[in-house]
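Please open the model in your viewer and keep the selection tool at hand. We will go from one selection to the next, pausing at each stop to say what is there.

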Amino acid sequence: MNHESIQQQMDELIHLLERYNREYYEQDNPSVSDADYDAIFLQLQALEAAYPEFMRPESPTQRVGGQALSQFDSVVHQVPMLSLNNAFSPIDSQGVYDHSQMQAFDERVKSGLNLAASPDYLIEPKFDGLALSLIYENGILVQAATRGDGLSGENVTQNVKTIRSIPLKLTTDTPPRLLEVRGEVLMFKADFDALNERQAAEGGKLFANPRNAAAGSLRQLDAKIAAQRPLDFFAYSIAQLDEAIQPLGHQQELMFLERLGIPTPPSDCCLLSDNMADINAFYAQMALKRPELPFDIDGMVIKVNSLALQQRLGFVSRAPRFAIAHKFPAEEAPTLVEAIDVQI
Ligand code: NAD
């Protein structure tokens, strides 16, 4: 392939991904499956790795999410809201996974920390909703914002106040002065089915899946309509907290949040372990359990548990080095990408 056609191919992929990003993040109305999107994203990443001289700084592989909708006030995130790098484990016809990408993640972590053995990891569900930041000042919910482009998002405080599982006031007599919680807003599968039935009966818009229903509902301009939408929330990290009460590990962070009345991932969906074989086995177990869960998950997230070690590993571009999203195989087979022939 000559240089011109490589650049042209990369630009075409960027163009496609930008269109899909707008449909997904701004219009809550994707036209392709996540598996198709992920495959095109990987193709672009592979081309960028092979030909770094052609990489565009504005490439979707270097950015987070989409633009914030201008109908909402914009909120600047004090701590950027980033994405996660992905790992995929192809599964063969015997049902055996190839976990080499997870092995590579573990190797990167160990070499980044100069450790001979794996550190403790917490493996927890990757909720398929949309990211939300909640700020509590002296125990009172004062602001809720979407991720937007990672640096600034939409102020959705009024809508979030209608979500019953999110406490307006923390359940403690000694609240932190400042607490910023990060988590995922989602709609439970049963609530999604009931909502779509109601929409059909009223001649309203039907939602493609619980993730789109959650995103569309959270970004409703009319808080009264948002209040009728059955949204839920699970916290998965702390972005800001008074220095005097910093938990030592990610699991401790989740326990701390639980004590404050904030919903955290169900404990039977999480495992703390320093053994990659156990972590991979838990992933496989959760992949089997996935259809029975009351909410959608699209993978598991594996995070180095120690917050001190997390800090030492830090971030690269749009994602932390201390965590990885271990995506589940697509529930439906990719369709569109089969038609896109990318040569590297
Ligand atoms: P992502 O979904 O790959 O991973 C990062 C996000 O995971 C975080 O922002 C957070 O919201 C979420 N998350 C859920 N559980 C978590 C946990 N336990 N800990 C930490 N984070 C957790 O991120 P992304 O950058 O928003 O999106 C990329 C993905 O979105 C793609 O891989 C694709 O699957 C999908 N997408 C699809 C389309 C489409 O057209 N179908 C378009 C754009 C994006």
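Begin by selecting residues 130–137, which form strand β4, and then add β5, because these two strands pair in the antiparallel sense over 6 bridges, where pairing means that DSSP finds at least two bridges between the strands. Helices (H or I, at least four residues) and strands (E, at least two) are DSSP runs, and they are numbered from the N terminus. What you have on screen is a predicted model, in which local features need pLDDT of at least 70 and side-chain atom pairs count only at pLDDT 80 or more, whereas totals for chains, interfaces and linings use all residues. To find each stop, use residue numbers that start from 1 along each chain as its sequence is written.

Within this strand pair, pick S133 and look across to β5, where its bridge partner is A145. Then pick Y136, whose bridge partner in β5 is L141.

Where does N138 lie? Select N138 and you will find this residue in the loop between β4 and β5, in a hairpin that has 2 residues between the strands. The phi of N138 is near 50 degrees, a positive value in a residue other than glycine. Most residues other than glycine have a negative phi, and most peptide bonds are trans. N138 is exposed, with 12 other C-beta atoms within 10 Å. A residue is called buried if 20 or more other C-beta atoms lie within 10 Å of its own, exposed if 12 or fewer, and partly exposed in between, with C-beta atoms placed from the backbone.

Now return to β4 and look at its other partner, β7, which is joined to β4 by 8 bridges and runs antiparallel to it. One bridge to pick out is that of A131, whose partner in β7 is E184. Is β4 mostly covered or mostly open? Strand β4 is mostly covered, since 6 of its 8 residues are buried.

Next, widen the selection to the whole open sheet of 4 strands, which has the order β5-β4-β7-β8 with antiparallel pairing. At its edges are β5 (140–146) and β8 (232–241), each of which pairs on one side only. Neighbouring strands of this sheet are turned by 25 degrees against each other on average, direction ignored.

Add residues 210–218, which form helix α6, and you will see the helix lying across β4 and β7 (178–186), running at about 130 degrees to β7. For such an angle, axes are lines fitted to C-alpha atoms, for helices over the stretch in contact, and angles run from 0 to 180 degrees between N-to-C directions. Helix α6 is mostly covered, with 7 of its 9 residues buried; among them are P210, R211 and L218. The cover over the buried residues of α6 includes β4, α4 (157–160), β7, α5 (189–201) and α7 (223–227).

For a second positive phi, move to S317, in the loop between β11 (315–316) and β12 (319–320). The phi of S317 is near 50 degrees, and S317 is a residue other than glycine. S317 is exposed, with 11 other C-beta atoms within 10 Å.

Select S5 next, which lies in helix α1 (residues 3–26) and is exposed, with 10 other C-beta atoms within 10 Å. If you also select V156, you have two residues that are 151 residues apart in sequence and 44 Å apart in space, C-alpha to C-alpha.

Now colour the chain by domain: domain 1 covers 3–63 and domain 2 covers 86–327, with bounds that come from an automatic or database domain assignment. The C-alpha centres of the two domains lie 25 Å apart. Their contact takes 6 residues from domain 1 and 8 residues from domain 2, two residues being in contact if their C-beta atoms, placed from the backbone, lie within 7 Å.

Finally, show the chain as a whole, whose secondary structure comes to 10 helices and 13 strands. Its C-alpha atoms fill a box of roughly 65 × 55 × 40 Å, taken along the principal axes. Buried residues make up 34% of the 344 residues in the chain. Among contacts between residues at least 6 apart in sequence, 75% join residues at least 24 apart.
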